[in-house]
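I am opening a notebook on a structure that is new to me. I will write down what I look up, one entry at a time.

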Amino acid sequence: MTPPTIVMTGATSGLGAIAAARMTAAGARLLVGARGPGPHTGDGLPPLDLSRLDSVRAFAAALEEHLGATPIDVLALNAGVSFHHIDQRTADGYETTFAVNHLAHYLLLRRLLPRLADGGRVVITSSSVHDPERGGTLPPPRHASAKLLAAPELDPDRESSPRAAGGHAYTASKLCGLMTARTLARRPETLDKRLTVLAYDPGPTPGTGLSRNFSLPIRIVWSLLGTPLGALVPRMNSRRAAGHTLADLCLGTITPPAGQGYASLVRGRLTWPQPSKTARDDAAGEALWQDSAALVGLPA
Ligand SMILES: NC(=O)c1ccc[n+]([C@@H]2O[C@H](COP(=O)([O-])OP(=O)(O)OC[C@H]3O[C@@H](n4cnc5c(N)ncnc54)[C@H](OP(=O)(O)O)[C@@H]3O)[C@@H](O)[C@H]2O)c1
């Protein structure tokens with residue numbers, strides 16, 4: 001059997017690096033979009049900086065040329081960032097958490113959709129923090145309005161504390177990923193190609209680079225929880241379990257139950273819960289798709 005061709009973001013660190021190692025060990029041809037060099041980069045592709053839409057466009061064009069006639073079996077959109085503020089804007093003028101976690105991935109998805117193989121897979125890394133009923137300590141998303149998330153200064157209900165506003169930007173970006181997966185799953189081209197579309201919640205997985213933009217004490221606690229000490233704290237997943245599950249979802253060694261598209265790792269066990277009520281709002285998902293298209297300059 002021909003090894004699957006997998007295109008992946010977020011493979012240079014954290015649970016994505018563990019997933020990437022498992023997929024290459026399983027024989028996959030892994031093509032990594034990364035802003036810098038890493039263990040799985042180096043195919044002659046240009047860097048992919050998700051905070052620049054022109055970088056996404058250049059990466060997609062180079063990848064298409066690199067692939068020639070070979071289709072993409074799996075597209076794994078795993079990269080993510082989190083901040084304690086919403087002050088940063090990308091080169092395109094959009095709030096950085098939303099732009100990196102959702103908008104750039106949306107553009108990459110749209111650009112690469114025609115190159116996906118019949119029966120291929122799209123896996124988007126979301127999070128249980130998208131769900132007010134499961135989210136934990138971060139402010140839950142209030143909406144999935146692309147226009148307000150791209151320019152949160154226009155949101156009349158935005159959080160007054162920078163830290164809460166940063167938390168909201170993160171949880172809302174994860175909601176956008178989940179809604180994009182659900183909207184994609186309904187689209188005619190997805191049905192025509194019999195694509196499998198999954199959103200994945202790795203659950204709380206400490207010891208990754210996700211705390212890199214936070215204060216030193218938070219970074220220290222996050223890395224300590226990533227050691228065997230973390231096993232003493234309920235609800236946490238190990239990087240190994242979170243990464244291996246992502247790899248297995250991409251490789252298709254885990255088959256979703258009929259009609260399920262949201263996989264959530266809870267204490268090392270894979271579950272298939274209902275997404276949040278907002279995430280299940282198909283009209284809001286469609287609006288997010290269309291508004292995101294407008295923000296990246298594509299037709300809906
Ligand atoms: N850890 C958790 O508790 C948890 C829980 C739920 C969901 N998640 C999600 O899981 C995914 C992986 O997170 P992680 O915890 O493994 O964190 P991580 O170690 O920080 O990994 C994040 C990845 O995203 C990449 N990335 C960030 N900004 C980028 C940019 N501008 N352009 C290109 N790539 C960029 C990073 O690349 P560099 O190496 O260049 O920085 C890295 O490979 C994220 O989507 C996160 O939201 C994590």
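**Entry 1: the ligand.** I started with the helices and asked which of them gives the most to the shell around the ligand. It is helix 1, residues 14-25, with three residues in that shell. I note here that I am working with a predicted model. I then listed the surroundings and found 28 residues around the ligand. The closest are G14, A79, G80, T208 and G209. Sorted by character, the shell has 10 nonpolar, 15 polar and three charged residues.

**Entry 2: the sheet.** Next I traced the strands. Seven of them form an open sheet, in the order 2-1-3-4-5-6-7, with mixed pairing. Strand 2 (29-33) and strand 7 (269-271) are at the edges with a single partner strand each, so one side of each has no neighbour in the sheet. I also looked up the turn between neighbouring strands: on average it is 20°, direction ignored.

**Entry 3: strand 1.** I checked how strand 1, residues 5-9, is joined to strand 2: the two run parallel, with five bridges between them. M8 is opposite V32 of strand 2. Is strand 1 enclosed or open? Four of its five residues are buried, so strand 1 is largely enclosed by the rest of the structure. In general, side chains in a regular strand alternate between the two faces of the sheet.

**Entry 4: helices on the sheet.** I went back to helix 1 and saw that it lies across strand 1 and strand 2. Its direction is at about 155° to strand 2. Helix 3, residues 96-112, lies across strand 1, strand 3 (72-77) and strand 4 (116-125). For helix 3 I noted an angle of about 170° to strand 3.

**Entry 5: the core.** I looked up the largest nonpolar core, which has 80 residues. Which members touch the most others? They are I6, V56, L75, L103, A104, V123 and C250. I took V123 as an example and left out its neighbours within four places in sequence. What remains in contact with V123 is V74, A76, L198, Y200, L249 and C250.

**Entry 6: strand 6 and its partners.** I followed strand 6, residues 262-266, on both sides. With strand 5, residues 196-201, the pairing is parallel over three bridges. There A199 has Y262 of strand 6 as its bridge partner. With strand 7, strand 6 pairs in the antiparallel sense, again over three bridges. S264 has T271 of strand 7 as its bridge partner. The hairpin of strand 6 and strand 7 has two residues between the strands, and in this hairpin R267 takes a positive phi near 50°. Four of the five residues of strand 6 are buried, so this strand is largely enclosed by the rest of the structure.

**Entry 7: K277.** My last look-up was a loop residue. K277 is in the loop between strand 7 and helix 9 (282-296). Is K277 buried or exposed? I count K277 as exposed, because it has 10 other C-beta atoms within 10 Å. I also compared the position of K277 with that of D131: the two are 146 residues apart in sequence. In space they are 8.0 Å apart, C-alpha to C-alpha.

Methods:
Residues numbered from 1 in each chain as written. Predicted model: local features only at pLDDT ≥ 70, side-chain atom pairs only at ≥ 80, totals over all residues. Near = placed C-beta within 6 Å. Nonpolar A, V, L, I, M, F, W, Y, C, P; charged D, E, K, R; others polar. Pairing = 2+ DSSP bridges. Axes fitted to C-alpha atoms, helices over the stretch in contact; angles between N-to-C directions. Contact = placed C-beta atoms within 7 Å. Core = buried A, V, L, I, M, F, W, Y, C linked by C-beta atoms within 7 Å. Buried ≥ 20, exposed ≤ 12 C-beta atoms within 10 Å, placed from the backbone.
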